[in-house]
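Thanks for passing this one along. Here are some comments to read with the viewer open.

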Amino acid sequence: MFVLELSYTAPLEAVDAVLPDHVAWLDELYGQGVFLASGRKEPRDGGVIIAVSGDRARIEEVTAGDPFVRAGVCAYRVTEFVATKTAPALEPYRETLA
C-alpha cells in the first residue's frame, strides 16, 4: 500500500486549470482498483491519495502520468507501507509481516 502526497508547485490558478484532467485521471485509476481514497489537503497546498499496487515501480509510473505532474503544477512524495491492520472493508489489502 502507498500514501501518495501531492505538493503544489504552482499557484492555485494553474492547478485549477488542470483539475478536470486530474479528476479524469483519478477516475480511471479508481476504475482500475489502484486508488482507494483521495482528497485535498487542508490548507489547500496539495493532496493525498491512498493507493495499492504490486510494486513501487508501477506507482512511480502512475504518478508520472498525473496531468498535474505533466503540467508541472505538483510534485509527489511516495511512501510505501505494509498495511498489517485495516478496516474490514480494506481486508483484501491487509498484509502480514514476513
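The points below go through the sheet, the helices on it and the aromatic pairs.

1. Before anything else: this is a predicted model, so please read every value below as computed from that model.

2. Start with the sheet. Four strands make up an open sheet, ordered E2-E3-E1-E4 and paired antiparallel. At its edges you'll find strand E2 (35-40) and strand E4 (74-80). Each has a single partner strand, so one side of each goes without a neighbour in the sheet. On average, neighbouring strands here are turned by 15° against each other, direction ignored.

3. Zoom in on E1 and E4. How many bridges link E1 and E4? There are seven, in the antiparallel sense. If you want a residue to click on, try phenylalanine 2, whose bridge partner in E4 is glutamate 80. As a general reminder, strands of a sheet pair through backbone hydrogen bonds, parallel or antiparallel.

4. Now the helices. Helix H1 (residues 12-31) lies across E1, E2, strand E3 (46-51) and E4, and runs at about 165° to E2. Helix H2 (residues 56-64) also lies across E1, E2, E3 and E4; for H2, the angle of about 165° is to E4.

5. On to the rings: the structure has three aromatic pairs. One of them joins tyrosine 8 and phenylalanine 68 edge-to-face, with 5.9 Å centre to centre and 85° between the planes. What does this pair tie together? Tyrosine 8 sits in strand E1 (residues 2-8) and phenylalanine 68 in helix H3 (residues 67-70), so the contact links parts that are 60 residues apart in sequence.

6. Are the two rings of that pair buried or exposed? Tyrosine 8 has 17% relative accessibility, and because the cut-off for buried is under 20%, tyrosine 8 counts as buried. Phenylalanine 68 is buried too, with a relative accessible area of 1%.

7. Another of the pairs is tyrosine 30 with phenylalanine 35, again edge-to-face, at 6.0 Å centre to centre and 85° between the planes. Here the burial is mixed: tyrosine 30 is partly exposed at 31% relative accessibility, whereas phenylalanine 35 is buried, with a relative accessible area of 3%.

8. Last one: don't look at tyrosine 30 and phenylalanine 35 in isolation. Which residues form the aromatic cluster? Trp25, Tyr30 and Phe35 do, as one cluster. For orientation, residues 12-31 make up H1, while strand E2 covers 35-40.

Notes: Residues numbered from 1 in each chain as written. Predicted model: local features only at pLDDT ≥ 70, side-chain atom pairs only at ≥ 80, totals over all residues. Heavy atoms only, no water. Phe/Tyr/Trp six-rings, centres within 6.5 Å; stacked < 30°, edge-to-face > 60°. Helix = DSSP H or I, 4+ residues; strand = E, 2+ residues; numbered from the N terminus. Buried < 20%, exposed > 50% of the residue type's maximum accessible area, 1.4 Å probe, protein only. Pairing = 2+ DSSP bridges. Axes fitted to C-alpha atoms, helices over the stretch in contact; angles between N-to-C directions. Contact = heavy atoms within 4.5 Å.
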